[in-house]
Amino acid sequence: MEVFVSTVESGSLTAAASLLKLTPSMLSKHLSALEKRLGTPLLQRTTRRQHLTEAGQAYYAQCKQIMTQLAAAEAGVEAMSNSPKGMLRVSASVWFGSLTLAPLACDYLQQHPAVNLQLSLTDRFVDIVDEGYDVAIRIGNLADSSLIARKLTMFEVAICASPDYLQHAGVPQTPADLLQHQCLGFSHWHSQGGWKQINPELAHASIVQRFEADNGQALRIAALKGLGIILMPRALLKEDISAGRLVELLNAYTPPARPIHAVYPRSRQSQPKLSSFVDYLVSAFSVAV
């Protein structure tokens, strides 16, 4: 059942096999045995894609419910042992996960040898419950939710450009000056206003985005090569700013800092692996401040 659910959610046999630490051939045998026992195909598979059959869709929905109940039962037993152990699934944005969270997660694992951690980095919004995560790191003010939230730190951004770019394009003094400049666009910020978030007066203006990407590191490289002005997390740019490779701009107009929270389902708060991990993050950021 776990093999079937993982294959559906990961999108391929290879990805599911990697997740479950099985060989693709062994995973395929599990699926074949399951379909044989049920007497009907669950997945239609080709060399390029897979999709659920009608029976597979119904079975998948039931499996998800069963797996959720099983996880809750295991969490209850684990909580009684009061010792962090088992698999912990964590979701975070690419920049925060790679730069900040990954080192802390490694330090946590060194202190808790019975815990295994799977870190998924994506800049899309994930549904913690439906996608099976134990905890997610979210940036910004949270909407009303049944999830529990623990504040970790604050999220700051910086507006920068390379000295070479500023030498030939000039230094913007106000947000309105951006209309005369080339800017770098982050795809996932469109829903938050993108460049327009720095000043409401730009709401109906057309800012030229010379280069757009869904990855902060790609935009950082573009800024270093002089392609335009960047608006990205300060943590991503601070070394370049300190070294003079990037110059901060428009400090008076930089968007205000926003909170970063660890959020997790209320049903899992008693799990020692989860509570100890979140407590560790809260403590680590408290010391850093």
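E9 is partly exposed, at 39% relative accessibility; in this report, buried denotes under 20% relative accessible area, exposed over 50%, and partly exposed the range in between, with a 1.4 Å probe and protein chains only. The model is predicted, so local features need pLDDT of at least 70 and side-chain atom pairs count only at pLDDT 80 or more, whereas totals for chains, interfaces and linings use all residues. Residues are numbered from 1 along each chain as its sequence is written, and side-chain values use heavy atoms, with hydrogens and water left out.

**Salt bridges**

E9 forms a salt bridge with K64, and the closest N and O atoms are 2.9 Å apart. The term requires a side-chain nitrogen of Lys or Arg within 4 Å of a carboxyl oxygen of Asp or Glu. This pair links distant parts of the chain, since E9 belongs to helix 1 (residues 2-10) and K64 to helix 4 (residues 54-81), 55 residues apart. Helices here are DSSP runs of H or I with at least four residues, strands are runs of E with at least two, and both are numbered from the N terminus. In contrast to its partner, which is partly exposed, K64 counts as buried at 19% relative accessibility.

By this criterion the model contains seven salt bridges. Three of the pairs are listed below.

| Salt bridge | Closest N and O atoms |
|---|---|
| E9 and K64 | 2.9 Å |
| R124 and E131 | 2.7 Å |
| D279 and R150 | 3.1 Å |

The pair of D279 and R150 also connects distant parts of the chain: D279 lies in helix 9 (residues 272-288) and R150 in strand 6 (residues 148-155), 129 residues apart. D279 is partly exposed at 39% relative accessibility, and R150 is likewise partly exposed, with a relative accessible area of 28%. In addition, salt bridges with shared partners join E156, R234 and E248 into one network. As for the pair of R124 and E131, R124 is partly exposed with a relative accessible area of 41%, and E131 is partly exposed at 23% relative accessibility.

**Helix 3**

Helix 3 comprises 15 residues (residues 24-38) and reaches 21 Å from its first C-alpha to its last, close to the 21 Å expected at 1.5 Å a residue; the expected span is 1.5 Å times one less than the number of residues. Within helix 3, L27, L31, L34 and E35 are buried. Viewed down the helix axis, the buried residues of helix 3 fall within an arc of 95 degrees and therefore line one face. That arc is taken over the directions from the helix axis to the C-beta atoms. On the other side of helix 3, K29, K36 and R37 are exposed. Just after helix 3, G39 adopts a positive phi of about 80 degrees.

**Aromatic contacts**

Seven aromatic pairs are counted in the model. A pair consists of rings of Phe, Tyr or Trp (its six-membered ring) with centres within 6.5 Å; planes under 30 degrees apart are stacked, those over 60 degrees are edge-to-face, and the rest are tilted. F4 and Y60 form an edge-to-face pair, 6.5 Å centre to centre with 75 degrees between the planes. Because F4 lies in helix 1 and Y60 in helix 4, this pair ties together parts that are 56 residues apart in sequence. Both F4 and Y60 are buried.

W95 and F155 form a tilted pair, with ring centres 5.5 Å apart and planes at 40 degrees. W95 lies in helix 5 (residues 94-111) and F155 in strand 6, so the pair ties together parts that are 60 residues apart in sequence. W95 and F155 are both buried. Ring pairs also link W95, F96, F155 and F285 into a cluster.

A contact between a charge and a ring is found at R89, whose charged end sits over the ring of Y133, 4.4 Å from its centre. Such a contact requires NZ of Lys or CZ of Arg within 6 Å of the ring centre and within 35 degrees of the ring normal.

**Cysteines and overall architecture**

The structure holds zero disulfides, a disulfide being a pair of cysteine sulfur atoms within 2.5 Å. C63 counts as buried at 1% relative accessibility, whereas C106 is partly exposed, with a relative accessible area of 48%.

The chain has nine helices and 12 strands. Its C-alpha atoms fill a box of roughly 70 × 45 × 35 Å, taken along the principal axes. Of the 289 residues of the chain, 41% count as buried.
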